Amino acid sequence: MVSVISTVDTGHEDMIHDAQMDYYGCRLATCSSDRSVRIYDVKNGTQTLAADLRGHEGPVWQIAWAHPKFGNILASCSYDRKVIIWKEINGQWIKFYEYANHDSSVNSVCWAPHDYGLILACGSSDGSISILSATAAGGWEAKKINNAHTIGCNAVSWAPAIGPNAAFDSSSGVRSTPVKRFVSGGCDNLVKVWREDKEWVEEAKLEGHSDWVRDAAWAPSIGLSRTVIASCSQDRRVILWTNDGVSSSWNQRVLHTFEDVVWHVSWSVTGNILAVSGGDNKVSLWKETVEGQWVCISDVNRGKGSAPGQQ
Amino acid sequence: MLEPIGILDSTFIHNKNIGHSWGYGNNLVVFPTKFSQSTTLAGVPCSRKNLFMISWERTLYNPFVRKLVNESCGAFIAIQTRLGKEAQVSVSELVQSSHQYRCIINACIEDLNQAADLAETNEATQAIQEMSEIFYKAELVWNLCEIMYLENPLGILPHLLEWVRIHFPNALEETGTVLASPNPEFHESYWKALYGLVFQLRIDSAIKLLRIHSGFQTDAFQSAFELLKKMPVFSVNSPLSAPEFTFRWNHWKEECESRIHAGDFFDSQDLQLLMEILCGKEEAFEKVADFFETWYQRMITQLTFTHPTISASSLGDQADQFLAAFTGFDDLSSLDATLLAVLRRDTRKVIGEMQGVLDNSWFTAHLADLLYHAGALQSFEDINSLQLRETLLRDYAICLFSHQSLWSVGVLYLDHCPTVGSATLEHLLTRLPCQSELKASKLIALAERRKLTSVVTSVCRVMGRNALKNGRLGAAVAWAVRAQDAPLATYAADAVLERYLQDSDFTSTDLLDSLGAGLLASDRLAFLGKYREFHRLYSANDFHSAATLLISLISSRIAPKYFWAVLLMDALPLLETNPPVFTSDQTYELMQSLQELTSSFQDDAEPIPHPNCQLNSDKTMLITLALSRNLAKCFVQQTGYD
């Protein structure tokens with residue numbers, strides 16, 4: 001039983017491109033072709049507009065909330081080639097930092113796990129990926145991976161900070177410093193895994209899609225050594241890439257071939273459910289059963305079958 | 001219509017592209033969008049830009065289901081506690097637990113049914129009825145699992161028959177209707193009711209119904225009556241062994257068949273059919289096929305008359321055959337597939353099927369736990385059974401964590417996940433919004449008990465930031481100390497000092513004074529503590545100690561430079577005392593800091609400090625004068641000693 005619990009009239013004047021709930025699910029940010037970013041307070045199923053952020057000069061594609069330990073910080077990226085980091089200070093949202101070093105539309109922004117500090121990855125249509133880090137002095141430092149994806153990068157997603165063997169680490173109270181990694185997807189039909197090794201290096205090139213990769217999402221892997229990446233593409237497929245946490249090889253498995261282009265994949269907070277949406281007018285939820293099968297749990301036709309004595 | 005979620009909104013008709021994003025827990029935001037990232041951006045003309053927040057697995061959040069959540073948690077913990085004391089829980093104890101779980105489900109169904117009757121709208125009634133049905137199916141499957149996994153596999157059929165009796169009460173209901181009619185034997189369902197009673201081996205009731213027939217005294221009826229009475233019944237508590245029972249059963253069956261052949265029932269087709277059913281004839285069951293609602297009902301009935309002592313291990317094959325004949329395997333409902341898997345004792349399939357249906361995490365978690373302790377999960381070769389149990393418990397806990405108050409129940413389940421529990425709990429706890437001190441304290445206590453230091457730090461840090469934002473500075477300092485967050489502590493301490501400058505008084509001093517060793521969290525905080533101590537000493541007229549402390553604050557450089565001017569002004573009254581409290585060395589120290597301050601102040605590009613922190617010429621003059629006078633007093637005093 002899936003139900004609509006509330007409807008939000010965003011007041012945007014043009015198409016909405018992204019909506020993100022903050023860490024606690026108490027605030028909702030949206031962005032639109034009308035060049036604005038809006039923030040709502042969500043309480044008991046009602047929303048009130050808290051801020052209308054103007055600063056981009058083109059459609060805003062994606063937004064991302066930073067971890068609350070850094071305060072209320074939101075990043076946005078736009079067709080205007082800019083990335084803006086917004087910060088709430090004394091109840092007022094201000095432009096905290098503006099990054100304008102891309103040559104084309106910036107399509108995706110994603111904050112690194114908070115353990116690393118305030119670090120943002122940005123993927124652009126110019127094919128490069130920027131990694132912006134807040135410095136101790138209060139400034140920002142940018143590193144750039146040029147030619148990450150030919151024609152363009154559409155998505156970036158960080159690997160969780162808790163690496164393999166986390167279960168052992170947490171029980172002993174000692175945490176090893178994990179290696180920074182993220183995944184990206186682009187117009188070269190590729191999904192790539194990047195690792196920071198002083199500089200950013202390409203660690204794996206995952207070939208499987210036959211058309212532009214539209215989104216890639218690294219699954220949170222809580223206490224498990226296995227890591228999973230989901231990617232989706234204009235080839236209408238969602239592919240799950242798994243790595244056992246020991247070897248360097250990635251296994252691929254097609255989750256499903258959909259009726260239309262798949263634009264977006266994302267994992268639940270705990271990584272146990274994958275949500276998929278695209279051009280087929282559907283949102284579906286997928287989960288791996290104990291049988292190792294990925295099933296669509298939002299399929300309303302499953303679970304039917306009347307029980308005796310209940311007619 | 002947005003499928004499969006079912007949102008009716010015109011915006012989705014114009015636009016087939018759907019965007020989504022996760023909320024906390026089982027919440028998703030969905031919206032129509034355009035993904036084309038090319039330059040053409042003409043949006044679909046549509047005035048409203050709506051978002052929809054959708055959610056699922058909300059059955060457990062219903063107030064009528066709350067009791068089930070709490071009571072089943074009690075049952076779950078009881079099993080784990082017993083295990084803590086003994087190496088293994090006996091099967092009989094597990095059966096007892098299983099009964100307990102089923103009682104909890106049944107109570108919940110009853111509550112839901114009552115609520116459905118009282119619901120004010122049709123939609124509400126329907127929604128509650130759907131929930132009730134979910135639990136009804138859950139109980140049906142659970143009961144079958146209990147029989148197949150926990151009961152003695154040799155005497156399985158009597159248990160299954162009992163299961164059918166409970167879940168198919170229609171035989172009794174039909175009999176009631178027939179008996180209530182003015183002329184029962186001519187009621188159209190008379191024979192159907194009679195067969196129904198026989199199917200469930202309710203022989204006494206069947207005989208009673210037979211007796212009220214006007215033809216009961218005829219030979220045919222008497223013969224049937226006698227055979228029914230003599231029928232040997234294999235029961236759970238039967239004193240007969242299986243071979244002994246089979247011997248008697250075969251003997252009785254031979255007699256039935258010989259009487260059929262002898263034409264005893266030639267006059268009554270209905271009686272003839274009854275006898276053929278008793279003999280387990282396939283053709284007879286074909287004739288009454290419509291009387292069965294489900295394949296498993298028919299299977300268990302038919303086996304009762306053909307293989308009463310069948311063993312659990314043969315049931316899977318039988319189930320396949322009956323299901324194939326009854327509905328076929330195409331379009332198998334999830335419930336049928338699950339029941340089939342239970343009968344085949346294919347545990348993985350059972351759980352997999354139930355897992356694939358939303359709103360079942362309660363069921364899979366508790367059942368898997370029970371089966372795990374019964375050793376029934378061991379049948380998985382490639383998945384460690386402990387891991388499997390953990391995954392399912394974790395899924396349930398995650399579902400509970402999506403609710404504003406049920407999350408605390410979820411914690412108890414994660415406690416029993418030895419490998420992933422702690423990491424998951426850490427992850428989930430830090431994401432719980434803590435709006436109040438009470439909730440924060442609860443979270444911290446939970447986390448401390450489980451040694452999740454990162455959660456404690458994270459909660460304290462967030463609370464510290466909130467307190468700062470709301471101007472509750474003492475609390476902010478206290479939270480920062482608890483979080484061992486030096487930058488936050490410094491920030492909060494600065495805020496306290498700033499407010500002191502404004503109000504000339506310390507607020508929330510008791511909080512600050514109780515921090516003790518916690519003051520060492522940051523240098524600034526340590527200074528704040530020492531400065532408070534200075535005030536205390538001063539007001540207690542302990543001028544010597546106060547003076548020494550003041551000097552040490554400046555000379556150790558623990559005092560932030562912006563605050564030196566304030567300290568120097570604080571020194572003024574002490575400089576005026578006679579005999580002097582500052583020694584000559586200490587006075588020199590003060591002079592040096594004054595000099596350092598006046599010479600460095602100009603090139604400081606800092607924002608304009610509070611007036612109290614500024615050293616204007618008047619103040620400088622005042623301090624210089626006081627210093628020189630004090631120095632003079634020191635000399636006089638020293639000369640006096642000399």
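Two strands count as paired if DSSP finds at least two bridges between them. Keep that rule at hand for these exercises on a predicted model.

**Exercise 1. Strand pairing across the chains**

Work out which strand of chain B is joined to β1(A), and how the two run.

*Solution.* Start with the count: seven bridges link β1(A) to β3(B), the strand at residues 50–56. The rule asks for at least two, so the two strands pair. Next, the direction: β1(A) and β3(B) run antiparallel. Finally, pick one position to follow on screen: D9(A) has N50(B) as its bridge partner in β3(B).

**Exercise 2. The extent of the interface**

Find how many residues each chain brings to the contact, and how much area the two chains bury between them.

*Solution.* Take the residues to begin with: chain A gives 89 and chain B gives 91. Then turn to the area. The size of an interface is often expressed as the accessible area lost when the parts come together. Here chain A and chain B bury about 7800 Å² between them, and carbon and sulfur atoms make up 59% of that.

**Exercise 3. Polar links and the side of chain A**

Identify the salt bridge between chain A and chain B, then describe the side of chain A that touches chain B.

*Solution.* Between chain A and chain B the count is one salt bridge. K287(A) forms a salt bridge with D395(B), and their closest N and O atoms lie 3.1 Å apart; the cut-off is 4 Å. Polar contacts across this interface come to 21 residue pairs, with both residues at pLDDT 80 or more. Several elements of chain A give two or more residues to the side that touches chain B, among them β1 (2–9), α1 (166–172) and β24 (283–288). The largest share, eight residues, comes from β1(A). Sorted by class, this side of chain A has 39 nonpolar, 35 polar and 15 charged residues.

**Exercise 4. The overall form of chain A**

Decide whether the radius of gyration of chain A agrees with that of a compact globule or departs from it.

*Solution.* First list the secondary structure: chain A has one helix and 25 strands. Its C-alpha trace spans about 65 × 45 × 45 Å along the principal axes. A compact globule of 311 residues would have a radius of gyration near 19 Å; chain A has 20 Å, so the two agree.

**Exercise 5. A salt bridge within a helix**

Explain how K230(B) and E226(B) are placed along helix α9 of chain B.

*Solution.* Over all chains, the whole structure holds 44 salt bridges. One joins the side chains of K230(B) and E226(B), at 3.5 Å from N to O. Because these residues are four apart in α9(B) (residues 219–230), about one helical turn separates them.

How values were computed
Residues numbered from 1 in each chain as written. Chains lettered and ligands numbered in written order. Predicted model: local features only at pLDDT ≥ 70, side-chain atom pairs only at ≥ 80, totals over all residues. Heavy atoms only, no water. Contact = heavy atoms within 4.5 Å. Buried area = accessible area lost by both parts, 1.4 Å probe. Polar contact = N/O pair within 3.5 Å; in protein donor to acceptor, adjacent residues only side chain to side chain. Nonpolar A, V, L, I, M, F, W, Y, C, P; charged D, E, K, R; others polar. Rg over C-alpha atoms; globule rule 2.2 N^0.38 Å.
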